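Biologist: Please take me through one part of this structure in detail, and explain each term as you use it. What lines its main opening, and what is packed around that?

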Amino acid sequence: MARILLLHSALGLRPAVLDFATRLVDLGHEVDAPDYYEGHVFDDEALGIAHRDAHPEYFEHVRGLADDLPPDTVLAGFSLGAWFAQRLAAKRPRARAVILLHSAAPARGAWPGVPVQVHRHAVDPWIAPSDVIALGSAVTASGAPFEDHVTPGSGHLFTDLDGPDADQAATSAALDRIDDFLTAATGLRALAVRPGH
């Protein structure tokens, strides 16, 4: 079981985010899925991005939410939320793992040894494959595991089952892979902090 901070995309806390959180809870995890958009939800990507751009304070709000959680909390998110999760993880070396759904960027400086798992479409207009490779190199150089799960096809938020890129099979596979990754990451962290070592 892991404690997970699950951050929504630029579209806000849509029903698909809550459904994903519920499915993680059904797998035995404890999930916090805050509405850092304060009730604003969008169906249109351009409107969601415009809202994000008008509120640069959202990241600091999310950082405050993370600060109230245990240091080993898993940081996870969808698109914008994944970008926030990655930024948070870079300063939280005790995080159990970071799960990046539909987003990955090169690490800013040395990676702090936090395991990373990425989920993306083969062709995603918001992800450059070279960025994923750069992140993977930084993560593995830190000694942490890195996984990059690529769903065939093109699109962005395949886990938003109410959206245009919805893929139920890929979403279910992502949930299984996340559960397996967190189980492995839990074992690695336990070894890392075992008394006498």
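Modeller: Start with one term: a residue is buried under 20% relative accessible area, exposed over 50%, and partly exposed in between (1.4 Å probe, protein chains only). This is a predicted model, where local features need pLDDT of at least 70 and side-chain atom pairs pLDDT 80 or more, while totals for chains, interfaces and linings use all residues. Numbering runs from 1 along each chain as its sequence is written, and side-chain values use heavy atoms, without hydrogens or water.

Now the pocket. A pocket is an open set of points on a 1 Å grid, over the protein atoms alone, with protein on both sides within 12 Å along at least five of seven lines; lining residues have an atom within 4 Å of a point. The volume is the space filled by probe spheres set on the points. For the largest pocket, that space is about 530 Å³. Its lining holds 26 residues. Nearest the centre are Glu45, Ser79, Leu80, Trp126 and His156.

Which elements give two or more residues to this lining? They are α2 (45-53) and α4 (80-89). Helices (H or I, at least four residues) and strands (E, at least two) are DSSP runs, numbered from the N terminus. The most comes from α2, which gives three residues.

Look next at Ser79, one of the residues nearest the pocket centre. Ser79 sits in the loop between β3 and α4. With a relative accessible area of 17%, Ser79 is buried. Its backbone deserves a look too. Phi of Ser79 is positive, about 55 degrees, although Ser79 is not a glycine.

Just before it comes Phe78, in strand β3. Phe78 has a relative accessible area of 3%, so it counts as buried. Follow its contacts (heavy atoms within 4.5 Å). Leaving out residues up to four places away in sequence, Phe78 touches Leu6, Leu7, His8, Ser9, Val17, Phe20, Leu101, His102, Leu157 and Thr159. One more long-range link can be checked by eye. Ala10 is 68 residues from Phe78 along the chain, yet their C-alpha atoms are separated by 8.5 Å.

On the other side of Ser79, move into α4. Eight of its 10 residues are buried, so α4 is largely enclosed by the rest of the structure. Those buried residues are Leu80, Gly81, Ala82, Phe84, Ala85, Gln86, Leu88 and Ala89. Leu80 also belongs to the group nearest the pocket centre. What do the buried residues of α4 pack against? Three helices are on the list: α2, α3 (58-67) and α5 (129-141). Three strands join them: β1 (3-7), β3 (74-78) and β4 (98-101). Note that α2 appears twice in this story: it lines the pocket, and it packs against the buried residues of α4.

Some rings of α4 belong to a wider group. One aromatic cluster is formed by Tyr36, Tyr37, Phe42, Tyr58, Phe59, Trp83 and Phe84. Rings of Phe, Tyr and Trp (its six-membered ring) pair if their centres lie within 6.5 Å; planes under 30 degrees apart are stacked, over 60 edge-to-face, the rest tilted. By this rule there are eight aromatic pairs. Take Tyr36 and Tyr58. Their ring centres are 5.9 Å apart and their planes stand at 70 degrees, so the pair is edge-to-face. This pair links distant parts of the chain, 22 residues apart. Tyr36 is in the loop between β2 (30-32) and α2, while Tyr58 is in helix α3. Tyr36 and Tyr58 are buried.

Now take Tyr37 and Phe42. Here the ring centres are 6.3 Å apart and the planes are at 80 degrees, so this pair is edge-to-face. Tyr37 and Phe42 are both buried.

End at Glu38. Is Glu38 buried or exposed? Its relative accessibility is 59%, so Glu38 counts as exposed. Glu38 is found in the loop between β2 and α2, the loop that holds Tyr36. Phi of Glu38 is near 55 degrees, a positive value in a residue other than glycine. So compare two positive phi values: Glu38 is exposed at 59%, whereas Ser79 is buried at 17%.

Conventions:
On a 1 Å grid over the protein atoms alone, a cavity is a set of points where a 1.4 Å probe fits but cannot get out, and a pocket is an open set with protein on both sides within 12 Å along at least five of seven lines; lining residues have an atom within 4 Å of a point.
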